[in-house]
Amino acid sequence: MGAQKQRVSPRQKMINLMYVVLMAMLALNVSSEVLNGFSLVEDSLNRTTANASEANRAIYANFETQMKQNPSKVKEWYLKAQEVKQMSDSLYDYAETLKVRIVKQADGEDGDIHDIENKKDLEAASNVMLAPRRGEGQQLYEHINHFRERIVSMLTDEAQKNIISSNLSTEVPEESRLLGKSWPEYMFENIPVAAAITLLSKLQSDVRYAESEVLHTLVANIDIKDIRVNQLNAYVIPNSRTIVQGGKLSAQIIMAAVDTTNRPNIYIGGKPFNSPDGLYETVCRTTGDFTLKGYIEMLNGEGQLVKREFSQPYTVVAPSATVSADLMNVLYAGYDNPISVSIPGVAANKIVASASNGRLQPTGAGKYILRPTEVGKDAVITVSANMDGHIQQMGQFTFRVRKLPDPAAYIEYAADGGTNRFRGGRLSKQILMGTKGIGAAIDDGLLNIGFRVLGFETVFFDNMGNAVPEVSQSADFTERQRNLFRSLGRGKRFYISRIRAIGPDGIERTLDGSMEVIIN
């Protein structure tokens, strides 16, 4: 469907210029010649508007014809065209109603907009448009703004948008804005009837022009949907070229570029393949390399049969999945072991995983936590995938389950804005006295697991070499232990031993060895 786009003619440009000149003259003197000039501009605007309306009606008729011939292609743009018509007629008719009211205000109930008697009347337009509570000026202002925003949103060309936005602008010039005038006051305050009617006729002309621009854009959109090519090729577009055994091969078989209202005939292996949207699917039960082959037939614009062959290789692979313990290849009982699960080519939300000897709890896409319950009993993780509505097992993975290793004891103290962990050796008395007690943790760079200290023993030696033990029933140093710290001189030492701690697995243990502390 083709339609030539109308541009602003030299005649219309002259009319617009005359309108500007006459408005300037009006500011100086409202003479009979000026009023007659408005009548000339009015007549020209009406002829231009009538021509535009006739051209627009032709486009609407063309839309009706195209809609009957090919509704699936034209319906979207036809409905938008009807929306444009409703908006344009609404504003156009509203402006026509205001013209009639202004003329009747000036000439009485028998007033005729085509034969105005009191063209010089300066009150009629103000009464109709600016009267308190019943003036139509503000409503017209809002109607124009709404129409402009809606109509411009349907255009894609920036030049068109700028022209229509300028024609339908409701901005008040700066000098009038500084005087506190609104748009209705700027347009209709103390102007003669002839000028007010011409203003509204120009608005009607601008509405029909904007309507025409959008209609031509909608027509062009229909033309874009037509298929016009000089070369046709057959294509197979698979969802994936690698399919897991038991999965489904899905592929689009099309003629490029294809018209959705004119489907071609598809043949696979010499047999016709019927599908309204060209979607081909088959269950792949054997692994290996395969090729989907066939041909497409369709009639070209001249009614000649066009045939194009297609060939698409694809690979069917055995089910596979990957499960890894994020920390190491063993799991610890009673501890939240992080687990990663993935299946190549399968989205994380399609993966189903479960485990024996513990509960596998999801924490994110492909991420889980497994907390085994029994030491020495393997944890088996089973991974499955949701393949087109059915669950298919992709593999099982076995992990050994061990008891958490013993932690190492430490004395934590502040240093350089952070904290250090002292595990034995020389330590200043000042730092020692500033600490609260001892801690225990597995922090070997791979695991970082804190333990709770339940108690420990310190062993001091008196001047005779006799051992002086002192027991704490918590992780904190006792007051007796602190007093002994204060009595130690440089080079003296003591030992922290028999440390009892409990980990996240709930198992209480006594740590082997002892920590030697030498006062520095």
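**Exposure, sheet order and confidence**

Trainee: Is R498 buried or exposed?
Mentor: This is a predicted model, in which local features need pLDDT (the predictor's confidence in each residue, from 0 to 100) of at least 70 and side-chain atom pairs count only at pLDDT 80 or more, while totals for chains, interfaces and linings use all residues. Residues are numbered from 1 along each chain as its sequence is written, and side-chain values use heavy atoms, without hydrogens and water. With a relative accessibility of 58%, and with buried set at under 20%, exposed at over 50% and partly exposed in between (1.4 Å probe, protein chains only), R498 is exposed.

Trainee: Which strand holds R498?
Mentor: R498 is not a glycine, yet its phi is positive, at about 50°. Its strand (a DSSP run of E, at least two residues; helices are H or I, at least four, all numbered from the N terminus) is β23.

Trainee: What is the relative accessible area of R133?
Mentor: R133, also not a glycine, has a positive phi of about 70°. R133 lies in the loop between α4 (124-130) and α5 (137-153). R133 is exposed, at 88%.

Trainee: Which strands stand at the edges of the four-stranded open sheet?
Mentor: The order is β10-β16-β15-β12, with mixed pairing (at least two DSSP bridges between two strands). β12 pairs with β15 (379-387) in the antiparallel sense over five bridges, and A355 stands opposite I381 in β15. Each edge strand has a single partner, so one of its sides lacks a neighbour in the sheet; these strands are β10 (330-332) and β12 (351-355).

Trainee: Where is confidence lowest in the protein chain?
Mentor: The chain's mean pLDDT is 84, and 83% of its residues reach 70 or more. Strand β23 (493-502) has the highest confidence, at 96, whereas the lowest, at a mean of 55, is in helix α1 (10-28).
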